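User: Could you walk me through how some of the words used for this structure are justified?
Analyst: Happily! Let's look at it together.
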Amino acid sequence: MRAWAVTEPAPIDTGPMRFVDKPRPRPGPGELLVEVRACGVCRTDLHVAEGDLPVHCENVTPGHEVVGHVVELGSGAQGFTLGDRVGVAWLHSTDGTCDRCVRGNENLCAASRYTGWDVDGGYAEFVTVPAAFAYPLPDGIDDVSLAPLLCAGIIGYRALRRTGLLDGPGPARPKRLGLYGFGGSAHLCAQLAIALGIQVHVLTRGEQSRRLAAALGAASVGDARDAPPVLLDAAITFAPVGDLVPVAMRALDRGGVLSIAGIHLSDIPALNYERELFYEKEIRSVTANTRADGTEFLTLAERHGVRATTHEYPISRADEALLDLRNGRFDGAAVLTTD
């Protein structure tokens, strides 16, 4: 089969990936073989290709926002039949037995493995996935629109949950959320937050992204380093830029929470305690997601009409899609198609 391989991690414009022939995978016990129809392009794929994330698997095929159809069942695979449309996401497997898995925090499992990092992902014609970690997909959403929901959407949802805004009653006024960066994940998170009655303020560079934020109903839109027009109850940083952490902390109201989404972040500068941490402000990181997060988000996305703004690339141009992502040449999300 044709698939992309990260042959030598390096800046994406130097060609760290090659479009090669790889053997068609076979599903192991409990696994599904999925024929890929669409695969979202995530910033994590860029981190893998450029070496921001250490190499876990030589010549790995990136991609973990996969929509496809089951074409073969491994022995003992349950829950799916041939022809079913399924989603393959970032979390590939866990040990299922450690204390973290048992208490529902499988995203913190020390033995967790990830699609497109530890095992080959969806920048390919076929991919395997443990049936227990594959998602049944909602009807009424096309393959391309679904693909970004499987990581960008799920991680945005977990980041939103980590802010605490979804927990219990809030102030008499609408809760206020700031989003720093407005790419694939943020534009999905914004839609869900607005649908749930949260007032969203977007702080981002790039005119295209600002226009999209306004079109989706953001209460205000500004540059990433601007102060929002109101103090925020919570904020999420989606841009992998540590310098934005103190900026976001200064924008928080008393008791506010900053949730840092994403697997990679440049260094955070020193924080001033009085301006940026006092009054019981908090910083919370986000580490992957649980399968429950994914199931909850996909249900909410279908209920509230959350849809990705997408830009399609044939799978043969995956390197170009990643370069365009790094250079901010599109709003929303890029999706590779195998047609």
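**From values to words**

Analyst: In this predicted model, strand β11 (residues 199-203) pairs with β12 in the parallel sense, over three bridges.

User: How do you know that β11 and β12 pair?
Analyst: Two strands pair if DSSP finds at least two bridges between them. β11 and β12 have three bridges, so they count as a pair. Within this pair, H201 stands opposite S220 in β12.

User: Which sheet do these strands belong to, and what makes β12 an edge strand?
Analyst: The open sheet has six strands with parallel pairing, in the order β12-β11-β10-β13-β14-β15. β12 (220-222) pairs on one side only, as does β15 (282-285), and these are the edge strands. From one strand to the next, the twist averages 20°.

User: Where does helix α5 lie?
Analyst: Helix α5 (residues 184-195) lies across β10 (176-180), β11 and β13 (232-237), and runs at about 170° to β10.

User: Why is α4 called roughly perpendicular to α9?
Analyst: The axes of α4 (residues 152-162) and α9 (residues 291-304) cross at roughly 100° and come within 9 Å. Angles of 65 to 115 degrees count as roughly perpendicular, so that word fits α4 and α9.

User: Which residues make that contact?
Analyst: From α4 come G153, I154, Y157, R158 and R161, and from α9 come D293, G294, E296, F297 and L300. They divide into four nonpolar, two polar and four charged residues.

User: What makes G153 and G294 part of the contact's polar group?
Analyst: Gly counts as polar here, so G153 and G294 go into that group.

Definitions and conventions:
Residues numbered from 1 in each chain as written. Predicted model: local features only at pLDDT ≥ 70, side-chain atom pairs only at ≥ 80, totals over all residues. Heavy atoms only, no water. Axes fitted to C-alpha atoms, helices over the stretch in contact; angles between N-to-C directions. Helix = DSSP H or I, 4+ residues; strand = E, 2+ residues; numbered from the N terminus. Parallel < 35°, antiparallel > 145°, perpendicular 65-115°, else oblique. Contact = heavy atoms within 4.5 Å.
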